[in-house]
Amino acid sequence: MRFLLNICFVATVAAIGPTLAQDAMEGEASIPAIEATAPLSEVPTPPGRVGGLSLRSGNVGLRASSQTGWTDAEVNQPVFTGGAIRTDPRARAEIRIGANTIDLSSGTEIEIASLTDQFTQIALSRGRIDLRLRQIDRGETVEIDVPQGGIWLLGAGTYDIDAGGSDQPPRVAVFEGAARLVGAGGADTPIEGGQMAVLTGSDEAAATIEPAAPDEFVEWSRRRDYDETRLAALYYVSPYVTGFAELDAAGIWKISAEYGPVWFPTQSEEWTPYRFGHWSWMAPWGWTWIDDQPWGFAPSHYGRWALIEEHWAWVPGGFVAHPLYAPAVVAFIGTPGVGLSSQEGAAVAWFPLAPGEAYWPSYTRDVNYVRSLNLGNVRDVEAIGMQADGEPPLEVFNGDFANRQLASVIPRSVFINGRPVAPARVTLPAQRLQNAPVLMGSPQIAPASAQPVARAAPTTAPVSRVAVRLSQKVGAKPVRTASLQPHGHGQPVIIRGAHLHAPSYAGQPRGRQLIVLNLAHSPHGGAGKAKRR
């Protein structure tokens, strides 16, 4: 390494080399070219309340809010504002939103128009749904819209709503609870428990009242009900945690002297969190974990995981009335946009966060949102703060993570294509996992269907330069945040200095220092070690 004017040194880094994690130690970066089309400051706060698909019988389709096409729905797939679900003529489905359940009959299509703590609005364009409302707070509104009008569900209860068709009129049955039907023409009809309103006419949408009688679909829905008064989970978690109802039958609750209430899944010794399932790209969060187990929703998106006496335990943390959903409570390790190198090629690695470890999403820099995400799992959320540049503090990345050595590692191609994780696992030396940089919330890698992260480089590799300021610290000197603008039309890349260190022999910084990073873009996706000079 040579010095420039006694206060500068030059480092050459292979920008997309998979072994860069061993040599350059880059931290998490917010890379617009990979994960966002707009700066993070312009991204609205993502939904905090999210449901999940808990049952799929037959062909069920899902349309995410940011997409126009339908895809095959999966169990444990998140359902949130703007999303739509439909069932084929011989299919049925079930959605759980906290303690509430929505069953979809065959030939049904719904759209989640709104899903917040205060307002749930569902548009039923065709078909039939059964709703079991167990949790509805004071001031919370639940509205179901059909083409002929709107139905307000006025309290906890059991409701059956049919949008009607050419052979039958729309119907609203209230088995328990109370509802109000407001027709498109202004007719306002109250519906009490045990009653069914049948809409007649077209524009005025007048309704007649009949006794409510269950049929095969209603009985099928009731068979899938559960008695919340018999669940231990509700002693430890909020009813707003989607997926809590599946935990009691799939594991054991215990009280830990260190963590409080913990839940042990009844799985084999080889089982590890975030290993049996796959990754899926979902806006606005990005990479989202889809667990294989029917009980996997709650432990994947809330709380933390701890290894207690050689057994994995889910730690829900302190009680939070309205916890926020997270796409996967993990940290990734490797080079941003690249991952790690392995004998199988480029790889992606991650590990579950432990109790007390803060989760820092890559999709927002709203500090109040980040604090809310960590409520109940971090002792003092008020201590969570951003640096002046809007980035998380460096000590977050340099912390001692309890589960780091238990990371799951798979080839990058498996990760970006959403293939099953467990059969594709690869093994890396423990030292590699320990030394690789931590990327909070996201590996900064695009899905296979998106614009490629790395493009073929021209014959002469373009070189970009970036000025980086060193901090005043003894020993290895962590570099603060840097940004660079690649030549051509590439998007700017932000390099955080949490894992980019000047060697100890570079001397102590005096005032402002300059590091010149010559980034060589490899045409082969980055092969070979970073050169030093």
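## Ala-91 and its surroundings

In this predicted model, Ala-91 sits in the loop that runs between strand S7 (84-87) and S8. Is Ala-91 buried or exposed? With a relative accessible area of 1%, Ala-91 is buried, because anything under 20% counts as buried. Val-60 is 31 residues away in sequence, yet its C-alpha atom lies 6.7 Å from that of Ala-91. Setting aside residues up to four places away in sequence, Ala-91 touches Ser-57, Gly-58, Asn-59, Val-60, Ser-105 and Ser-106.

One of those partners, Ser-105, is itself a loop residue, placed between S9 and strand S10 (109-115). Ser-105 is buried too, at a relative accessible area of 9%. Apart from neighbours within four places in sequence, its contacts are Thr-87, Ala-91, Arg-92, Arg-128 and Phe-217.

## Helix H3

Phe-217, a contact of Ser-105, leads us to helix H3 (residues 216-223), where Phe-217, Val-218, Trp-220 and Ser-221 are buried. Looking down the axis of H3, you would find these buried residues within an arc of 160°, so they line one face of the helix. An α-helix has 3.6 residues a turn, so residues three or four places apart point the same way.

What do the buried residues of H3 pack against? Their partners are strand S3 (51-57), strand S8 (92-97), S9, S12, strand S15 (157-162) and strand S16 (171-176).

## The whole chain

Stepping back, the protein chain has nine helices and 36 strands. Of its 533 residues, 54% count as buried. Among contacts with a separation of 6 or more, 62% are between residues 24 or more positions apart.

## Two nonpolar cores

In soluble globular proteins, nonpolar side chains tend to be buried together. Here the largest nonpolar core has 70 residues, and Trp-279, Ile-333 and Trp-350 touch the most other members. Strand S29 (residues 345-352) gives the most to this core, with five residues. If you follow Trp-279 beyond its neighbours within four places in sequence, you meet Trp-287, Thr-288, Trp-289, Ala-328, Val-330, Phe-332, Trp-350, Phe-415, Gly-418 and Val-421. There is also a second, separate core, made of 36 residues and including Val-60, Leu-124, Leu-133 and Tyr-159. Val-60 is already familiar as a residue that Ala-91 touches.

## Val-348 in strand S29

Strand S29 also holds Val-348, which is buried with a relative accessible area of 2%. Pro-411 is 63 residues from Val-348 along the chain, but the C-alpha atoms of the two are separated by 6.2 Å. Not counting residues up to four places away in sequence, Val-348 touches Phe-332, Ser-408, Val-409, Ile-410, Arg-412, Phe-415, Pro-443 and Ile-445. Phe-332 and Phe-415 appear among the contacts of Trp-279 as well.

## Cavities inside the model

Rolling a probe the size of a water molecule over the atoms shows where empty space is left. How many cavities of 30 Å³ or more are there? The count comes to six. The largest has a volume of about 220 Å³. Its lining takes in 24 residues, with Tyr-302, Gly-303, Pro-316, Pro-323 and Asn-377 nearest the centre. That lining divides into 15 nonpolar, eight polar and one charged.

The second largest cavity has a volume of about 80 Å³. Its lining is formed by Arg-49, Ile-97, Asn-100, Thr-101, Ile-102, Thr-120, Ile-122, Leu-131, Leu-133, Glu-140 and Val-142. Strand S9 (100-104), strand S11 (119-126) and strand S12 (128-133) each give two or more of these residues, and S9 has the largest share, with three. By type, the lining holds six nonpolar, three polar and two charged residues. Leu-133, in this lining, is also a member of the second core.

## Backbone details to look for

A few backbone features are worth finding. The peptide bond from Ala-283 to Pro-284 is cis, with omega near 10°. Pro-284 is in the loop between strand S23 (277-282) and strand S24 (286-291).

Asn-76 is not a glycine, yet has a positive phi of about 75°. This residue belongs to the loop between strand S5 (71-72) and strand S6 (78-79), and at 3% relative accessibility Asn-76 counts as buried. Glu-309, also not a glycine, has a positive phi of about 50°. Its place is the loop between strand S25 (304-308) and strand S26 (311-315), where Glu-309 is exposed, with a relative accessible area of 70%.

Conventions:
Residues are numbered from 1 along each chain as its sequence is written. Side-chain values use heavy atoms; hydrogens and water are left out. On a 1 Å grid over the protein atoms alone, a cavity is a set of points where a 1.4 Å probe fits but cannot get out, and a pocket is an open set with protein on both sides within 12 Å along at least five of seven lines; lining residues have an atom within 4 Å of a point. Grid points are joined across faces, edges and corners, and a volume is the space filled by probe spheres set on the points. Ala, Val, Leu, Ile, Met, Phe, Trp, Tyr, Cys and Pro count as nonpolar, Asp, Glu, Lys and Arg as charged, and the others, Gly among them, as polar. Helices (H or I, at least four residues) and strands (E, at least two) are DSSP runs, numbered from the N terminus. A nonpolar core is a set of buried Ala, Val, Leu, Ile, Met, Phe, Trp, Tyr and Cys residues joined through side-chain atoms within 4.5 Å. Buried means under 20% relative accessible area, exposed over 50%, partly exposed in between (1.4 Å probe, protein chains only). Contact means heavy atoms within 4.5 Å. The arc is that of the directions from the helix axis to the C-beta atoms.
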